[in-house]
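Open the model in your viewer and keep the selection tool at hand. We will go stop by stop.

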Amino acid sequence: MAEILDGKMLAKKIKEDLRKDVEELKQRGIFPKLAVIMVGNDPASKVYVRNKKNACEYVGFSFMHFDYVSNVKAKI
């Protein structure tokens, strides 16, 4: 028999569990961080990055965002 999952409730529980885990890590001197490198000006990518930033703030991660124009040259 199939079970219907409430995706929003499940996501909320996962975020709450992660929030607790992050707090425990911080107490041990470990500070999680997400760094995003965005190249170009795609509106959908901006929404994605904004959502990641909001999620990081919620669970207690630090967040860094590096934004570059689409014709950036890599230094090797």
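Which strand gives the most to the nonpolar patch? Keep that in mind as you select. This is a predicted model.

**Stop one: the patch**

Select I37, V39, M64, F66, Y68, V69 and V72. Together they make a nonpolar surface patch of about 620 Å². Two elements, strand 1 and strand 2, give two or more residues to the patch. Strand 2 gives the most, with three residues.

Now pick F66. This residue sits in strand 2. F66 has 32% relative accessibility and counts as partly exposed, because partly exposed covers the range between under 20% (buried) and over 50% (exposed).

**Stop two: the strands**

Show residues 33-39 and 62-68 as a cartoon. These are strand 1 and strand 2, and they run parallel, joined by seven bridges. Next, trace the route between them. The chain leaves strand 1, passes through helix 2 and arrives at strand 2. This β-α-β crossover is right-handed.

Zoom in on V39. Which residue of strand 2 stands opposite V39? Look for Y68. Both V39 and Y68 are also among the patch residues from stop one.

**Stop three: helix 1**

Select residues 7-27 to light up helix 1. Show the side chains of K13 and D17. They meet in a salt bridge, at 2.9 Å from N to O. Why can these two reach each other? D17 and K13 are four residues apart in helix 1, so about one helical turn separates them. Side chains of opposite charge can pair when their charged atoms come close. D17 is partly exposed at 34% relative accessibility. K13 is partly exposed too, with a relative accessible area of 49%.

Stay in helix 1 and select E16 and R19. Their side chains form a salt bridge, at 3.9 Å from N to O. The spacing here is three residues, about one turn of the helix. E16 is partly exposed at 26% relative accessibility, and R19 is partly exposed with a relative accessible area of 38%.

**Stop four: helix 2**

Move to residues 43-59, which are helix 2. Select K53 and E57. Here is another salt bridge, with the closest N and O atoms 3.8 Å apart. E57 and K53 lie four residues apart, so about one helical turn lies between them. K53 has a relative accessible area of 37% and is partly exposed.

How many salt bridges does the count come to? Three.

Methods
Residues are numbered from 1 along each chain as its sequence is written. This is a predicted model: local features need pLDDT of at least 70, side-chain atom pairs count only at pLDDT 80 or more; totals for chains, interfaces and linings use all residues. Side-chain values use heavy atoms; hydrogens and water are left out. A salt bridge is a side-chain nitrogen of Lys or Arg within 4 Å of a carboxyl oxygen of Asp or Glu. Buried means under 20% relative accessible area, exposed over 50%, partly exposed in between (1.4 Å probe, protein chains only). Two strands pair if DSSP finds at least two bridges between them. A crossover is right-handed if, with the strands pointing away from the viewer, the path from the first strand over the helix to the second runs clockwise. Patches are made of residues with over 30% relative accessible area and no salt bridge: like charges are joined within 9 Å, nonpolar side chains (Val, Leu, Ile, Met, Phe, Trp, Tyr) within 5 Å. Accessible areas come from the Shrake-Rupley method with a 1.4 Å probe; for residues, only the protein chains shown count as cover.
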